[in-house]
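Grab a coffee and work through these exercises with the model open beside you. Try each task before you read its solution.

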Amino acid sequence: MDLSSSEKGKQLSGRLIRISRDRNYPVNDIENVLLPLFRPAHTEETLRVTIGSATHIWCAYENDQCLGCALASDIGSNHGLYLILFGVSQSAQGFGIGSRILTKMIKWCRKRRRPFIFLLTESHNERALRLYRKVGFQKHSSSSIYDESLPDYGDGVIPLILVI
């Protein structure tokens with residue numbers, strides 16, 4: 001029997017992974033996931049500032065080990081969500097954990113009638129771009145009703161939005 005890649009991911013993961021939001025996660029857990037992924041752009045100090053600025057944090061845990069995190073903030077008068085940093089530890093990538101975190105975030109936004117989720121990703125990060133597109137994000141063009149609240153960005157960065 002030939003399995004699709006999503007079925008293989010589910011079969012491989014057969015592990016109990018809990019994804020929750022805003023549970024007073026230990027800062028070290030978040031740092032251990034995100035710092036290796038975002039160095040040298042972030043140091044321990046700048047990452048702690050970013051963690052402190054997040055109004056919502058989702059984390060994926062297996063037993064007591066944090067495998068992935070999403071840091072987000074409320075944005076604009078339209079009550080959107082800005083995904084500041086998102087990542088899955090390198091050893092846990094490819095098992096669908098990132099998709100599951102994003103899906104939880106999207107469901108949470110729908111339930112609370114949040115109109116959009118916005119994020120920035122580096123243009124050369126093909127793996128991230130595939131994941132974001134897979135869950136419904138599209139390239140953002142600067143002519144939407146949400147523009148007033150979105151952060152500025154430079155060259156080499158792609159703005160993505162998921163309108164909910």
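**Exercise 1. Work out which residues are linked with Glu 31 in a network of salt bridges, and where the members sit.**

Step 1. Start with the rule: a salt bridge is a side-chain nitrogen of Lys or Arg within 4 Å of a carboxyl oxygen of Asp or Glu. As background, side chains of opposite charge can pair when their charged atoms come close.

Step 2. Apply the rule, and Glu 31, Glu 44 and Arg 48 turn out to be linked in a network. For the pair Arg 48 and Glu 31, the N to O distance is 2.4 Å. Arg 48 belongs to helix H3 (residues 44-53) and Glu 31 to helix H2, so this pair ties together parts that are 17 residues apart in sequence. Helix H2 covers residues 27-38. Helices here are DSSP runs of H or I with at least four residues, strands are runs of E with at least two, and both are numbered from the N terminus.

Step 3. Check the cover. Buried means under 20% relative accessible area, exposed means over 50%, and partly exposed is in between (1.4 Å probe, protein chains only). Glu 31 has 5% and is buried, whereas Arg 48 has 40% and is partly exposed.

Step 4. List the company of Glu 31. Contact means heavy atoms within 4.5 Å. Setting aside neighbours within four places in sequence, Glu 31 is in contact with Pro 36, Glu 44, Leu 47, Arg 48 and Ile 51.

A word on the ground rules: this is a predicted model, where local features need pLDDT of at least 70 and side-chain atom pairs count only at pLDDT 80 or more, while totals for chains, interfaces and linings use all residues. Residues are numbered from 1 along each chain as its sequence is written, and side-chain values use heavy atoms, with hydrogens and water left out.

**Exercise 2. How many salt bridges does the rule give, and which residue does Arg 114 pair with?**

Step 1. The count comes to five.

Step 2. Arg 114 pairs with Asp 74, with 2.8 Å between the closest N and O atoms. Arg 114 is in the loop between H4 and strand S5 (116-122) and Asp 74 is in strand S3 (residues 65-75), so the pair ties together parts that are 40 residues apart in sequence.

Step 3. Compare the cover: Arg 114 is buried at 14%, and Asp 74 is partly exposed at 40%.

Step 4. Another of the bridges joins Arg 21 to Asp 22, with closest N and O atoms 2.3 Å apart. Arg 21 is partly exposed at 26%, and Asp 22 is partly exposed at 35%.

**Exercise 3. Is Trp 58 buried or exposed, and what does Trp 58 contact?**

Step 1. Find Trp 58 in strand S2 (residues 56-62).

Step 2. Look up the relative accessible area: Trp 58 has 2%, so this residue is buried.

Step 3. Leave out neighbours within four places in sequence, and the contacts of Trp 58 include Arg 21, Tyr 25, Leu 81, Ile 101, Met 105 and Trp 108.

Step 4. Add a backbone distance: Trp 58 and Leu 71 are 13 residues apart along the chain, with their C-alpha atoms separated by 6.8 Å.

**Exercise 4. Which helix supplies the largest share of the positive patch?**

Step 1. Patch residues have over 30% relative accessible area and no salt bridge; like charges are joined within 9 Å, and nonpolar side chains (Val, Leu, Ile, Met, Phe, Trp, Tyr) within 5 Å. Lys and Arg count as positive and Asp and Glu as negative, with His and the chain ends not counted. Each charge is placed at NZ of Lys, CZ of Arg, CG of Asp or CD of Glu.

Step 2. The members are Arg 18, Arg 23, Arg 100, Lys 104, Lys 107 and Arg 110.

Step 3. Helix H4 (residues 97-111) contributes four residues, the largest share. Lys 107 lies in helix H4 and counts as exposed at 56%.

Step 4. Now turn to Gly 98, also in helix H4. Gly 98 is buried at 9% and touches Phe 86, Val 88 and Leu 131, not counting residues up to four places away in sequence.

**Exercise 5. What pattern does the chain follow along its sequence?**

Step 1. Count five helices and seven strands.

Step 2. Read them in order: α-β-α-α-β-β-β-α-β-α-β-β.

Step 3. Finish with the cover: 45% of the 164 residues count as buried.

Key:
Areas by Shrake-Rupley, 256 points an atom, 1.4 Å probe, with all protein chains shown as cover.
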